[in-house]
Amino acid sequence: EFRRVLPISKLILLDSLLQESHHSMTLDNVLLEPTLDTVKALMILDNDGNRILVKYYDKETFPNVTAQKKFEKSLFTKTHKANAEIIMLDGLTCLYKSSVDLFFYVVGSGQENELLLMSVLDCLFNTCSGILRKNVDKKSLCDNMEVIMLALDEMIDGGMILESDPAQVISRAALRSDDIPLGEQTVAQVLQSAKEQLRWSLLK
């Protein structure tokens, strides 16, 4: 009798534990769960708050373009006249810096390490600066959009940080540009120029 009842009681206990575990995960909002998806979004907006280049990596937080643009508008409103480099918005950690007529943003979770996000922001800005020969403005960026997009893909993949060294990012983007059709070789030329400029700046 005892042997027949024991498995049932074990099943009931196991089911209870699973329900309790699932409940606690929901309550804690999975705060203790480790995740490699550090970056939720990268954004480059102009000085009117219009998007120039954006990359979103968290489809739950930003499920569609409407949600994304609403967040961008709110973020720009709170930052375009501020002097700080970091704000909390909608429970997210947002770091930013501006140059001429551009605003650069990196967005992570509210619990994310700010120094880690700052290293991503610095890499984003310095990579763009290297590619654009330090002419970090809207016109230059738009003229070199393909190159910048290649570089961003070398920095972040699905929210995971692949590389935070601008020289390495530009170098890897240059390797990928070898596959670009001959008619678009200006991309490769720009990257080669950026690599050379970085090399000179390091030698100084």
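## An aromatic cluster

Phe76, Tyr96, Phe103 and Tyr105 form one aromatic cluster. The model is predicted. Two of the cluster's tyrosines, Tyr96 and Tyr105, make an aromatic pair. A pair of aromatic rings is described by the distance of the centres and the angle of the planes. For Tyr96 and Tyr105, the centres are 5.9 Å apart and the planes are at 35 degrees, so the pair is classed as tilted, between the limits of 30 and 60 degrees. Tyr96 is buried, and Tyr105 is buried too.

How many aromatic pairs are found in the whole structure? A search gives 6. Another ring, that of Phe125, has a charge over it. The charged end of Lys97 sits there, 5.0 Å from the ring centre.

## The chain as a whole

The chain has 204 residues, and 41% of them are buried. It holds 7 helices and 7 strands. Read along the sequence, their order is α-β-β-α-β-β-β-α-α-α-β-β-α-α.

Consider contacts between residues at least 6 apart in sequence. Of these, 53% join residues at least 24 apart. The accessible surface of the chain is about 12,600 Å². Carbon and sulfur atoms account for 54% of that surface.

## Two nonpolar cores

In soluble globular proteins, nonpolar side chains tend to be buried together. Here, the largest nonpolar core has 31 residues. Leu42, Ile44, Phe104 and Leu124 have the most contacts inside it. Three strands supply at least two residues each: strand 1 (39-46), strand 2 (51-56) and strand 5 (102-109). Helix 3 (114-131), helix 5 (145-155) and helix 6 (166-176) also supply at least two each. Which element gives the most to this core? Helix 3 does, with 9 residues.

Ile44 shows how parts of the chain meet. Leaving out residues up to four places away in sequence, Ile44 touches Asn50, Arg51, Ile52 and Leu53, among others. Its contacts also include Leu102, Phe103 and Phe104. Leu124, Cys128 and Leu141 are on the list as well. Apart from the largest core lies another, of 17 residues. Met43, Leu45, Leu75 and Cys94 are among its members.

## Cysteines

How many disulfides does the structure hold? The count is 0. Two of the cysteines differ in their exposure. Cys94 has a relative accessible area of 0%, so it is buried. Cys142 is at 39%, so it counts as partly exposed.

## Thr38 and Glu112: two loops in contact

Thr38 lies in the loop between helix 1 (2-27) and strand 1. Is Thr38 buried or exposed? Thr38 counts as buried because its relative accessibility is 10%, under the 20% limit. Beyond its neighbours within four places in sequence, Thr38 is in contact with Val107, Gly108, Ser109 and Glu112, among others. Leu116, Leu117, Gly159 and Ile161 are further contacts of Thr38.

Glu112 lies in the loop between strand 5 and helix 3. With a relative accessible area of 19%, Glu112 is under the 20% limit and therefore buried. Leaving aside neighbours within four places in sequence, Glu112 is in contact with Thr38 and Leu117. Glu112 and Thr93 are 19 residues apart in sequence. In space, their C-alpha atoms are 7.2 Å apart.

## A glycine in helix 3

Gly130 is found in helix 3. Gly130 is buried, at a relative accessible area of 8%. Where is Pro166 in relation to Gly130? The two are 36 residues apart in sequence and 7.9 Å apart in space, C-alpha to C-alpha.

## Positive phi outside glycine

Val100 is not a glycine, yet it has a positive phi of about 55 degrees. Val100 is found in the loop between strand 4 (92-99) and strand 5. Its relative accessible area is 71%, over the 50% limit, so Val100 is exposed.

Arg133 is not a glycine either, and it has a positive phi of about 55 degrees. Arg133 is found in the loop between helix 3 and helix 4 (138-143). At 53% relative accessibility, Arg133 counts as exposed.

Key: Residues numbered from 1 in each chain as written. Predicted model: local features only at pLDDT ≥ 70, side-chain atom pairs only at ≥ 80, totals over all residues. Heavy atoms only, no water. Core = buried A, V, L, I, M, F, W, Y, C linked by side-chain atoms within 4.5 Å. Buried < 20%, exposed > 50% of the residue type's maximum accessible area, 1.4 Å probe, protein only. Helix = DSSP H or I, 4+ residues; strand = E, 2+ residues; numbered from the N terminus. Contact = heavy atoms within 4.5 Å. Phe/Tyr/Trp six-rings, centres within 6.5 Å; stacked < 30°, edge-to-face > 60°. Lys NZ or Arg CZ within 6 Å of the ring centre and 35° of its normal. Disulfide = S-S within 2.5 Å. Areas by Shrake-Rupley, 256 points an atom, 1.4 Å probe, with all protein chains shown as cover.
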